[in-house]
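Visitor: Could you walk me through this one and tell me what the labels rest on?
Guide: Sure, let's take a look.

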Amino acid sequence: MKYLHRRICTTAGLLAIAGATQAAGQSNEDLQRQIEELKAVVKTLQQQIGGQGTAARTPVAAPAEAGQSSASAEKTFIGPEATAKADPGAPSANTETTPAAPEVATKADIDGLRTDLENYKYEQKRNRETKTALTTRGTTIGGSVQARYTAQDPAVRTGSTATSSDRSSSFDIPQATLNFAGSLYRDYSEGRNLDYRLAFAYAKNSPATDGSQLNATDAYIRYSPLPTLTGLEDPRLTITLGQQQIPFGLEAQIGEELRPVINNAQFLGGLGVGTRQIGLIVRGDYDPYVDYGFNYRAPLLEYAFGVVNGSGPNKSDDNNHKDYIARLAFTLPVDYYSLFRELKFGVSAYKGKKNLVNGTNVVGLGKRDRYGFDIYYNHAPFGITYEYAEGRDGVANNGPEIKSRGQYLTAFYTWGEQWVASSRAQAKYDDYWPKSYQLFARYDTFDPNRALDNDRTKVGVLGFNLFFAETTKFQVNLNHYDYQNPAQRSSNELLAQFQFGF
Amino acid sequence: MKLASFRTVAALLAGIATVTLGFTAPAAHAQDKPKVIRISYSSAGTGGRPLTGGTSIATAHQQGILEKEFAKDGIKIQWTFNPGAGPATNEQLANGLADFAHHGDLPIIIGRSTGLRTKILFSYTRFGPAYITGPIDSPAKSLEDLKGKRLAVFKGTASQLALGRILKKHGLTERDFKTVSMDGDTLRAAIATKDVDGGFIAPFDLEARGVGKVIYSTGPDPELTSQGVFWVSEEFEKKYPDIVQRVVTALIKVTAWSSEEKNREAQYKLWSNSGTSYYEYQKTFADVPLKWRLSPLLDEYFVENLKKSIVQAREFKLIRRDVSVDGWLAPKYLNTALKELKLEGYWPEFNAAGKPKTAQVAQN
């Protein structure tokens, strides 16, 4: 007992010293709280001593109880094979399965549990305050990095500073992204949430320098006026305000994680429909077809419409006219197991105004219209996407408008489980993630001015993709460029890219 | 540096694909034995753990019965536990990723109505009670008290069909409520936080925590409760009938062990590894003898109840086409297993009304 008492005094003393060393830098409230905590610890220790004293008075019971528990545990069998182990010819004591007596928690057990709980609470609070990134609202942080090797023939000097020879190959980091997302308001009963997203992307300088750029890509808030938790059969609707991808066609709306090709279709850049815009866009669907057998949802109609600046990302509007965009897509209302599952037809339109420039002078406003048609079909393991887009642009000095055209056809064959929702969602202990493998071929053409000869470019792509983790893929693309302009030689390009996300 | 020709690299890509394809060999190919037997389970443990309870098939998984049975053949057993329940299992089959599965009645009916090809091998559950659970301070005392309020059910699963039966009995439909779709974990959380007014889920875990209570219970009503099935894909059954027989025999043996009353407590403890509490298994399995609840028989009750479920699924607009049971059941495997294991007559047979055919058997 003296030893226990001495231990209590020592422990209390150490705690008091620890408290004293922190006193200089803490408020009175903190000190008072720590004193109360120390008192609680001392009281608990005293109670434990009282409990141990009681236990010491009955030393004979514990071994007997332990023996009984051990005996009961030894007799417990689970399963048909375990039952078969019981030998009918053995002594009856060995074949009996006496139920274990119910255990009663002692005061010491409860006090110990309370102490553990208090320690756990304190530890969690300290770790949260000192070792956890904190935000006012819950935030998910993510990003991705692309590491690429390029080999091209003939050699090029595009993007290079002065060199003694053109390059035939290069290692590059073509893109790195960082994004933050979360809910400003979370509706737990129906899911009418107000969410946000803020994303940045790294970009190289051209011509190359040692520095690089970091630009905002997405910066928007998104509200869901209709319920999102009630069930698959209910329509969806979102209103997005801010800088975002515009709902034109297919490829412009697919994120980097899912796009099969390394380089975008030519018309995305040529017509600017892959460029983000700042504005207000409404997206939704109507009359979804639901196959409950597979939790498969196919909206009969998907629609989007909006108004944007038209001047591109990270800029205010540069004229007194807003641009307007609309899209409508129809998906066949068929079951998951149907051959025509995920067959979708879409049309997109973008009507805008742009500043007409003569040299360095703005001389007026001209049209900047884009129209597109697309077909999407994805019935594992096969898939096809086709997209056509046309541009109509005004020119300075009342010249004839420029008509441009781009289109691509992609066929792909995919095997593996990464795109099977149930495989991704399956219960697991480890960091297992299903893999998928994909072969694809693409034919891509772009003509920036249909009135001119010799300005069309054709690109043929053969590719292989390995999706081997939730956010990681390896891609190999072989691109063949065929220029209508006889002054430009056709070229080949081999791209090998490793993209990972976090 | 001169780049390799287009054709050369194209050939290289083809080679890469060929090698990769070789690494992902299909589970079954032209030989007398598969390399792996893939079993989809239409449930998962609490928090998404790959461990379940409540059925003899779950018992077989935890005890590694099939793994032991096929170890000598070098055949691997691959279990997939689906938090997405029956619809997720259907997706597995549709994509050629499941050979056997544990399934509730509605998803397998929907799957068959859209063309999935399966053979029902045996039943694994019947006469289980169903509950409507609400927040602890809910003023509701009956289903009618929940009219116009938020009622959660895991849509697309057997729960939705069972809910439809219950509502019909009381002259109600889903349209009388604001129904939302939630899985089990989400639903328990929603009841605890009062985000829904009621949910189709057992109340006992929530009751034990002091946050939920029973609003409605069916008890072991044979007219209202669901039944589950264990099936094999037609493709696998045609290719490996002997393997199917061994699987069924092993599982029926486990089911016999599970059906013994003397193993009731041990089994609850085993199942509670799933995260569902021992207390909940005690309460939900209390009213029916294990031999009734876990019966694998494809008896008159099973067949008639399956037919009624098909009619109800059509009535509740959960399927768009009629489904026939002709050619769907494969009782030969079960019958052979019962004979081999000398278990004929072990489980009582029930008539179409859900009553034991022989009173003497019911008393066992």
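**Labels and their cut-offs**

Guide: Chain A and chain B bury about 4500 Å² between them, with 64% of that from carbon and sulfur atoms. Buried area here is the accessible area (1.4 Å probe) that two parts lose on being put together, summed over both. This is a predicted model, where local features need pLDDT of at least 70, side-chain atom pairs count only at pLDDT 80 or more, and totals for chains, interfaces and linings use all residues. Residues are numbered from 1 along each chain as its sequence is written, chains are lettered from A and ligands numbered from 1 in the order in which they are written, and side-chain values use heavy atoms, with hydrogens and water left out.

Visitor: What makes B:Arg321 and A:Asp335 a salt bridge?
Guide: The definition wants a side-chain nitrogen of Lys or Arg within 4 Å of a carboxyl oxygen of Asp or Glu. In B:Arg321 and A:Asp335 the closest N and O atoms are 2.7 Å apart, so the pair qualifies. The count between the two chains is three salt bridges.

Visitor: Why is H5(B) called roughly perpendicular to H14(B)?
Guide: Helix H5 (residues 105-113) and helix H14 (residues 300-315) of chain B pack at about 70 degrees, axes 10 Å apart. Roughly perpendicular covers 65 to 115 degrees, so the label fits.

Visitor: How do you know that S5 and S8 of chain B pair?
Guide: Pairing takes at least two bridges found by DSSP. Two bridges join S5 (residues 131-135) to S8 (residues 198-200), running antiparallel, so they pair. B:Thr133 stands opposite B:Gly199 in S8(B).

Key
Axes are lines fitted to C-alpha atoms, for helices over the stretch in contact, and angles run from 0 to 180 degrees between N-to-C directions. Helices (H or I, at least four residues) and strands (E, at least two) are DSSP runs, numbered from the N terminus. Angles under 35 degrees count as roughly parallel, over 145 as roughly antiparallel, 65 to 115 as roughly perpendicular and the rest as oblique.
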